[in-house]
Each structure stands twice: as structure tokens, then as C-alpha cells.
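Me: Could you take a close look at one helix for me and walk me through how it sits in the rest of the chain?

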Amino acid sequence: MDKQRRKFLKIAGASVIAGIGAPAIIKLSASPALASGGHAAPAAGHAPAAAAHGGPTEEAPKGVRLGMVIDTRKMNADQGLLDNAIRACIDAHNIPEIPSKKSEIKWLWKAPFENVFTDASGYHGSKKITENDFAVLCNHCDDPPCVKACPTQATFKVASTGIVAMDFHRCIGCRFCMAACPYGARSFNWQDPRPYIKKYNKEFPSRMKGVVEKCNFCAERLALGQEPACVESCKGTDAIVFGDLNDPKSEIRAVLDKEFTIQRKPTLGTKPSVFYIV
Amino acid sequence: MYNKGTIIPGLIIFVLFVTFPIWFNGLTTAGDLPKPELPPGGEKQCVASAEYMRANHMQLLNEWRDDVLRDGNREILEIDGKKYPKGLQTACMACHSQKEKFCDSCHTYAAVDPYCWDCHLTPNETASKEATH
């Protein structure tokens with residue numbers, strides 16, 4: 001009995017020492033491999049990231065990047081243009097017209113200069129700035145903060161067009177994207193929107209309570225070879241020019257080359273795809 | 001047997017109660033198979049066979065949704081000369097215009113409540129808003 005107890009204590013003691021010592025040994029022997037693996041990964045990961053951040057000149061992303069130039073001179077000369085564009089947008093996308101400011105749904109809307117170009121000074125601004133409203137919509141940024149904020153990838157960047165799209169099926173209504181968007185381009189459905197939709201477009205769905213929505217650059221119309229509804233409503237006036245920012249031969253590039261344009265809040269680095277001629 | 005008078009009626013009541021779903025369905029119309037109404041326009045052709053659609057229309061709709069929204073693949077399907085722009089409202093409801101008589105008949109029978117129509121509009125619904133405006 002005594003002997004057995006002695007044996008048991010020996011084995012137990014050895015096991016405890018082995019138990020304490022083993023992790024240390026494993027750590028020692030494994031650490032060089034881990035360390036080398038750890039070094040290799042950031043080395044590979046950092047190079048493209050650094051390139052993406054670029055130097056002082058902004059590197060534009062490759063491929064089709066749909067964008068828009070809004071000529072506010074033409075819009076201001078004929079206020080009906082913008083009203084028609086907003087109406088076309090509402091009709092195309094079954095957008096509810098909710099009177100309450102708190103719950104209104106906006107895809108394309110009007111705002112005063114100081115709200116649109118918050119980092120431009122309105123001090124001693126011209127009459128055209130103080131008296132007119134400006135068209136605002138989702139900027140379809142190249143580096144969209146809303147996409148980073150979305151926990152379900154309900155909002156995402158379409159690689160082939162550069163459109164910041166939404167998959168309403170996936171939206172859980174957390175509104176992180178609304179907090180992330182510096183342009184206020186997103187609206188939340190606080191209530192069932194259907195009673196507030198005046199006229200239905202049978203080709204497009206409505207939304208439900210608890211879903212965020214915004215301008216989709218009329219992706220469904222582009223697929224059919226049509227222009228976005230707002231662009232079409234201004235046809236002939238060139239008040240809104242739509243096209244591929246990366247195509248040097250496109251109409252939009254011709255306008256951008258010729259005119260001085262500004263973007264909303266360019267200092268934030270979101271690289272908006274909507275340009276304004278003021 | 002003791003208490004014959006209560007045990008036998010009790011057993012009869014118990015059996016009747018347990019087999020309630022069987023005889024209730026047999027005696028009433030609750031168990032009749034649903035008869036979804038075919039398209040009012042008389043279309044006989046769909047994007048896939050009736051058997052496939054009956055079993056897998058939900059997967060097909062999910063695939064279409066991902067194609068159209070996420071992958072930007074909005075290519076219009078063409079089957080036997082008829083064009084189907086992928087989408088519940090654009091393809092399905094173009095023929096099956098009576099959601100209440102087609103979709104609902106089976107969904108009600110199977111006690112499933114798909115949330116498609118929380119957002120998607122049925123032809124009857126769109127017609128209601130066009131008339132009032």
C-alpha cells in the first residue's frame with residue numbers, strides 16, 4: 001500500500017511537471033515558424049494597401065466607374081428641371097412621399113448650398129448660391145464608408161460599374177450605414193411606405209418597414225439600356241450628364257475636362273462620383 | 001370488467017380525439033390538395049418544367065436575386081422565343097398575374113408565409129394605385 005502510494009505520487013508529480021513544461025517547449029519550438037509566418041503576411045498585405053493610398057495624386061480605380069455631372073447653372077436657370085427629375089425618380093422607384101421630415105425617404109432631393117457643400121464658404125456668396133436649391137443624391141463613392149459599416153453586406157460596391165448598390169433582402173435596418181454616410185444620402189423606413197406611394201411602377205418593388213434605401217443610379221434601367229430616370233427627364237438640356245468616368249472618350253469626361261467641377265466634401269477622401277458645376 | 005360504463009365511452013372519445021386530423025380532413029375540404037390557377041393569359045411555358053418549379057421555385061428566385069442584385073448579371077433569359085427579365089415582378093408575375101389564386105393557394109395549404117410581398121408588388125396591388133392616381 002505504501003509503495004503504491006509512493007509510485008502514484010511520483011507519476012502525478014512527473015505529469016504535473018510535464019503539463020506545465022510542455023506548452024513552454026511547444027511555444028519555444030514553434031515560435032520561429034510562427035514568427036516567420038507572421039512577418040510574411042503583413043509584407044504581402046501592405047504593398048497593395050500602400051499603393052491604394054497612393055501619393056498626393058489620387059489613383060482612380062480601374063474599370064467602369066459610373067458617375068454624374070450636375071450642371072447647377074442649368075438647374076438654377078430652370079427650377080422645373082430638378083422638380084421633374086425628382087418626380088421621375090419617385091415614379092421609377094416607388095418612393096413614398098412622407099410629409100414628416102423625420103421619416104421622409106430621399107433618393108434625389110433638393111438642399112440649400114450650405115448643406116450641400118459644407119466645406120465651401122457661403123460668406124458673401126453670390127445670389128445664385130443663396131437663392132437656389134441644389135440637387136443631391138448618393139455619391140456612389142469609390143471608397144464608400146457605408147459599405148464598410150454594413151454588417152450584412154446589404155450595401156456593397158458593384159465591381160463592374162462602381163455603383164454602391166443595396167440588396168434590400170439583406171438589410172436588417174441597423175442604420176449603421178446612415179451614420180457612416182457623410183452625405184445623408186440614406187433614408188430609413190420608419191413605417192410601411194406603401195400608403196405613401198402615390199403611383200406604383202410595376203417593374204420595381206417597394207420597400208418594407210425597417211429597411212434603409214437610397215439612390216441606386218437606376219441600375220435596373222441601365223440593364224435595359226436606358227438612362228437613369230433623372231438623366232432622362234433632363235434630356236436635351238445636359239443639366240445632368242451621366243457616364244463612365246474611366247472612359248476617356250465618354251461625354252462625361254469631355255464635360256469634366258472642359259468645366260471646373262466640385263464634389264461634395266472631397267476632404268473626407270470618399271471620392272464621390274457625383275460632380276457639380278456651380 | 002369494472003367500470004365498463006365509463007372506460008369504453010372514454011376509450012371511444014380518446015380514439016376519436018387522437019384521429020381527429022384524419023377524419024376531419026376526410027369529412028371537410030381542409031385536406032383537399034390546392035389547385036393553383038394557371039396564368040389567365042393561357043401561357044403554357046415557364047422558365048423550367050412544372051415539376052421543377054413546383055419543388056424549386058424558391059431556390060430559383062434566390063439565384064435570380066443574387067444574379068441581379070449582387071453579381072450584376074441581369075441578362076434576360078430567353079426560352080422558346082419568350083423573354084424573361086429575371087425577377088419576381090418582371091418574369092413570374094407577368095404571366096402568373098393572380099398571386100391570390102396562384103401563389104397563395106399552395107402557400108396557404110402548406111402554411112408557409114414567404115415575405116416576398118412585403119416589398120414586391122402584385123399586379124393587383126399596382127393596379128389599385130394606378131387607378132386612384
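Reply: Sure, let's take α3(A), which has 15 residues and reaches 22 Å from its first C-alpha to its last, close to the 21 Å expected at 1.5 Å a residue (that expected span is 1.5 Å times one less than the number of residues). Helices here are DSSP runs of H or I with at least four residues, strands are E runs of at least two, and both are numbered from the N terminus.

Bear in mind that this is a predicted model, where local features need pLDDT of at least 70, side-chain atom pairs count only at pLDDT 80 or more, and totals for chains, interfaces and linings use all residues. Residues are numbered from 1 along each chain as its sequence is written, and side-chain values use heavy atoms, without hydrogens and water.

On the inward side, the buried residues of α3(A) are L81(A), L82(A), A85(A), I86(A), C89(A), I90(A), A92(A) and H93(A) (buried is under 20% relative accessible area and exposed over 50%, with partly exposed in between, using a 1.4 Å probe and protein chains only). They pack against α2 (72-77), β2, β3 (133-137), α8 (219-222) and α9 (229-233) of chain A.

Now for the core: the largest nonpolar one has 57 residues, and M68(A), I70(A) and F217(A) touch the most other members. Helix α3 (residues 79-93) gives the most to this core, with six residues. A nonpolar core means buried Ala, Val, Leu, Ile, Met, Phe, Trp, Tyr and Cys residues joined through side-chain atoms within 4.5 Å.

Just past the helix, N94(A) takes a positive phi of about 50°. Further on, P99(A) lies in the loop between α3 and β2 (108-112) of chain A, and P99(A) counts as exposed because its relative accessibility is 73%.

Technical notes
Chains are lettered from A and ligands numbered from 1 in the order in which they are written. Contact means heavy atoms within 4.5 Å.
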